[in-house]
Amino acid sequence: MSVRVDGETSAEVPGKLRRVLHGPSPAKVPSLVATACTVVGLLDIAAGAIPRFRHSRMHAVAEVLPGALGPFAAALSISAGVLLLLLGHGLRRGKRRAWRAAVVLLPVGALAQLLYRNSVVGTLISLLLLALLLRHRREFAALPDPRSRWYALANFVLMGTGSISLGTVIVSSHPAKVVGDPSIAEYLSHVLFGLVGVEGPVEYVGRTSTTVAYSLGALGLLTAITTIYLAFRPEHPAARLTEGDEARLRELLDRHGARDSLGHFALRRDKGVVFSPSGKAAVCYRVVSGVMLASGDPIGDVEAWPGAIERFMDEAKLHSWTPAVMGCSETGGEVWTRETGLDALELGDEAVVDVADFSLSGRAMRNVRQMVKRIERHGYETRVRRVADLGDTELARVQRAAADWRGTDTERGFSMALGRIGDAADGACLIATAHKQDEEPGPYGDLKAVLHFVPWGTDGVSLDLMRRDRAADPGMNELLIVAALQAAPKLGVNRVSLNFAMFRSTLARGEKLGAGPVLRCWRGLLVFLSRWFQIESLYKFNAKFRPRWEPRFIIFRNTRDLPRIGIAAMRAEGFVTLALPRFLRVGSSRPRPCPHRAPADRQDCEVQAA
């Protein structure tokens, strides 16, 4: 047992107890209830959509499930099944609103069973499920996720697609009752007309036509109701960094910012933040698709990190979010895994150049030296300054150029990008620019390329972004990095963090003599993926400057969460976006996106050629 220096906790909590408090396994009751709802929903849909299922031996089970009610059995069975499937995901995550919806739905089902079918068994099943939910109501306390009206569009697309697919099964599952020999197009037209409550071209014998019409109408009504609800419900916006939060973070960075090169990126204003009870540490995050993503190490005093991490985990538990950390250091990974019981996986390495050791001399630097000299002979010159030293006119020109040279419709970056240039509060940032006088000056004058660095404590900087004019000569990146390193001593900078290279150690070990078959196979896969993503090329580009490599890790709860965390990270970094197709946008004149982009837009296409 040990006492924390700053009073965050009075004693160390044993690792096993922490796993119980913030453990990787989900709550058993919500999981069981969600599984039951999913199974019941699938059976209800099958009972309503497939006649043979209703008249098979499973009919005795299906007719007592919530949804198989009286003369409207098919339509209500399908409706109840779809609603239970929709509620299943929320119940599994312990969402309070999903619990409320199920508590309302089950009594209605029980009443319908009693009034329409006089089914005591069906009523008891509904009431037993209701009693189970009420008995364990405290297990369903998770708050809603951040949301926007994009969810309404997503719901319309998914529900519409599902309704058309299920409707096709419904209209084609009565071959003995169909009049004539309708074509596939007529079946599809009947589905589309039925979803909006209009009689279609397919005719059936007896009451089958009414059954099909009610089933299709119920699907269309569910699609419309859920979409309208999502479109007009109040938005629950994602957390944003307030002015007060930013001021507190800047105070922590002033005292402890030298510890992590990614610390300044915590000041992105599209992140939320949780502070330790003492206020001496903080964890910044963003929620994407139910994943609570933190980036880098916690900000502040290391002794206070456990308190901030505990607040982070409590917030994740309160909303039933999946906790994850992207790009933390080895020290940060040790604290995260010790305090939470989470697991860690090496993600790659960060290239850090010590200014005192950097030189263009020697055989190893020959390629960089020759490229820089060649560009300088073509008339390029460089300037490296603090943002606060730029005039308003020049700064505005740099901002416009960086935005127009971006190459993508949305700003990329989350863990290693600040998302802005030239803010009044970021005067300590560095800007390296390349200039060349042309006979016909462009819209940005003689400006040809821009590098932006953020502070890393008082004696370091971390690369934020690299932008260049596509018409400029190759080698702009090398030119400006060398210029920044050479100007660093005059600016009081002793270390420079460059790009992050994913799976760097695998690429480095896999090309060495004696590498095993598994390692060589893994390296071959990474080289193959480098055709679409900057993996090998970014590693080789960073290696040109003879850096030291600092490993970075991803922290996660369990292995099955990794695909979900990966997709959330890609969305946060801007590689996957929800937006209208390009041809539907008005006034979109962005240049064609570069097919090889580095994480957080810290590199441009030129690296691929390098």
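# Briefing: side-chain contacts, helices and strands

Arg269 and Glu246 meet in a salt bridge whose closest N and O atoms are 3.0 Å apart. Arg269 lies in the loop between H11 and strand S1 (272–275), while Glu246 lies in helix H11, so the pair ties together parts that are 23 residues apart in sequence. The model is predicted. The points below cover salt bridges, aromatic rings, a helix, a threonine and a set of strands.

**Salt bridges around Glu246**

- Side chains of opposite charge can pair when their charged atoms come close.
- The whole structure holds 18 salt bridges.
- Glu246 also forms a salt bridge with Arg250, where the closest N and O atoms are 2.9 Å apart.
- Arg250 and Glu246 are both in helix H11 (residues 243–256), and their separation of 4 residues is about one turn of the helix.
- Glu246 has a relative accessible area of 9% and is buried.
- Arg250 has a relative accessibility of 18%, which also falls under the 20% limit for a buried residue.
- Arg269 is partly exposed, since its relative accessible area is 33%.

**Salt bridge between Glu478 and Lys544**

- The side chains of Glu478 and Lys544 form a salt bridge, with an N to O distance of 2.9 Å.
- Glu478 belongs to helix H16 and Lys544 to the loop between H19 and S12, so this salt bridge ties together parts that are 66 residues apart in sequence.
- Glu478 counts as buried, at 1% relative accessibility.
- Lys544 is buried too, with a relative accessible area of 18%.
- Elsewhere, salt bridges with shared partners join Glu246, Arg250, Arg269, Arg420, Asp423 and Asp426 into one network.

**Helix H16**

- Helix H16 (residues 476–487) has 12 residues, which at 1.5 Å a residue should span 16 Å.
- The end C-alpha atoms of H16 are 16 Å apart, in agreement with that expected span.
- Of the 12 residues of H16, 11 are buried, so the helix is largely enclosed by the rest of the structure.
- The buried residues of H16 include Met476, Asn477, Glu478, Leu479 and Ala487.

**Aromatic pairs**

- A pair of aromatic rings is described by the distance of the centres and the angle of the planes.
- There are 5 aromatic pairs in the structure.
- Tyr539 and Trp549 have ring centres 5.9 Å apart and planes at 50°, so their pair is tilted.
- Tyr539 sits in helix H19 (residues 536–543) and Trp549 in strand S12 (residues 548–556), so the two rings tie together parts that are 10 residues apart in sequence.
- Tyr539 counts as buried at 11% relative accessibility, whereas Trp549 is partly exposed at 21%.
- Phe541 and Phe545 make an edge-to-face pair, with 5.6 Å from centre to centre and 70° between the planes.
- Phe541 and Phe545 are both buried.
- Tyr285, Phe312 and Trp336 are linked into a cluster by ring pairs.

**Arginines over rings**

- Arg248 lies over the face of Phe275, 3.7 Å from the ring centre.
- Arg495 has its charged end over the ring of Trp456, at 3.9 Å from the centre of that ring.

**Thr340 in helix H13**

- Thr340 is part of helix H13 (residues 330–340).
- Thr340 counts as buried, with a relative accessibility of 1%.
- The Thr340 side chain reaches the backbone oxygen of Trp336 at a distance of 2.5 Å.
- A polar atom of the Thr340 side chain lies 3.2 Å from the backbone nitrogen of Leu342.
- Trp336 therefore takes part both in this contact with Thr340 and in the ring cluster with Tyr285 and Phe312.

**Strand S5 and its partners**

- In strand S5 (residues 322–328), 7 of the 7 residues are buried, so the strand is largely enclosed by the rest of the structure.
- S5 pairs with strand S3 (residues 291–295) in the parallel sense, over 5 bridges.
- Pro323 in S5 is the bridge partner of Met292.
- S5 also pairs with S12, here in the antiparallel sense and over 3 bridges.
- Met326 stands opposite Ile554, which lies in S12.

Technical notes:
Residues numbered from 1 in each chain as written. Predicted model: local features only at pLDDT ≥ 70, side-chain atom pairs only at ≥ 80, totals over all residues. Heavy atoms only, no water. Phe/Tyr/Trp six-rings, centres within 6.5 Å; stacked < 30°, edge-to-face > 60°. Helix = DSSP H or I, 4+ residues; strand = E, 2+ residues; numbered from the N terminus. Buried < 20%, exposed > 50% of the residue type's maximum accessible area, 1.4 Å probe, protein only. Lys NZ or Arg CZ within 6 Å of the ring centre and 35° of its normal. Polar contact = N/O pair within 3.5 Å; in protein donor to acceptor, adjacent residues only side chain to side chain. Expected span 1.5 Å × (residues − 1). Salt bridge = Lys/Arg side-chain N within 4 Å of Asp/Glu carboxyl O. Pairing = 2+ DSSP bridges.
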